[in-house]
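Biologist: Could you take me through one part of this model closely? I would like to hear about the main nonpolar core and the charged pairs around the elements that build it.

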Amino acid sequence: KYAKLECVGQGGSSKVFKVMAPNNKIYALKRIRLQGSDRDAVSGFEDEIRLLTRLRGRHNIVQLMDFEVIRQDGMIYMVLEYGEIDLAHLLTKQHDKSKDGRVDENFLRHYW
């Protein structure tokens, strides 16, 4: 359904891929492995899906386009709006540029 273009990030139990849909739109595919995750972690992933579903259409919130939970395989797939800007990267760059180690509030308002 989606063509993987590249891995753009990974954490303890998940990987995020830049993917292309059949309509040539670019999305982020978050693949979460539930194997080895405790009940609280699984609940946290499910809460993330519920929250993003409730926040659909809100400005400045990454949009959840689609998701699939495959319990028998221990996998969750989330298709999200793809953003070129990574907040953590931006904050690190701004922190490094800053003379006093602080991030300007106006800079944050501009991006978020």
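Modeller: Happy to; here is the core, followed by the charged side chains and a pocket.

A word on the ground rules. This is a predicted model, in which local features need pLDDT of at least 70 and side-chain atom pairs count only at pLDDT 80 or more, while totals for chains, interfaces and linings use all residues. Residues are numbered from 1 along each chain as its sequence is written, and side-chain values use heavy atoms, with hydrogens and water left out.

Let's start with the core. A nonpolar core here is a set of buried Ala, Val, Leu, Ile, Met, Phe, Trp, Tyr and Cys residues joined through side-chain atoms within 4.5 Å. Buried stands for under 20% relative accessible area, exposed for over 50%, and partly exposed for what falls in between (1.4 Å probe, protein chains only). The largest such core has eleven residues: A28, I32, L34, V42, F45, I49, L52, L64, I76, M78 and L80. At least two of them come from each of β3 (26-33), α1 (39-54) and β5 (75-81), and α1 gives the most, with four residues. Helices (H or I, at least four residues) and strands (E, at least two) are DSSP runs, numbered from the N terminus. Another core, of six residues, lies apart from this one and has F17, Y27, L29 and V79 among its members.

A28 is a nice residue to click on. Beyond its neighbours within four places in sequence, A28 is in contact (heavy atoms within 4.5 Å) with V16, F17, M78, V79, L80, E81 and Y82.

Now the charges. Side chains of opposite charge can pair when their charged atoms come close. A salt bridge is counted when a side-chain nitrogen of Lys or Arg is within 4 Å of a carboxyl oxygen of Asp or Glu, and the structure holds four of them. In one, K30 pairs with E48, with the closest N and O atoms 3.1 Å apart. K30 sits in strand β3 and E48 in helix α1, so this bridge ties together parts that are 18 residues apart in sequence. K30 is buried, at a relative accessible area of 15%, whereas E48 is partly exposed at 26%.

Helix α1 takes part in another bridge, where the side chains of E46 and R71 meet at 2.4 Å, N to O. This pair links helix α1 with the loop between β4 and β5, 25 residues apart. E46 counts as buried at 18% relative accessibility, and R71 as exposed at 55%.

Strand β3 also holds R31, which is buried yet has no salt bridge; D73, the nearest side chain of opposite charge, is 11 Å away (Lys and Arg count as positive, Asp and Glu as negative; His and the chain ends are not counted). Not counting residues up to four places away in sequence, R31 touches K4, S13, S14, K15, F17, M75, I76 and Y77.

Finally, K1 and D66 form a salt bridge at 3.5 Å, N to O. K1 lies in the segment before β1 (3-10) and D66 in strand β4 (residues 64-70), so the pair ties together parts 65 residues apart in sequence. K1 is exposed, at 73% relative accessibility, and D66 partly exposed, at 31%.
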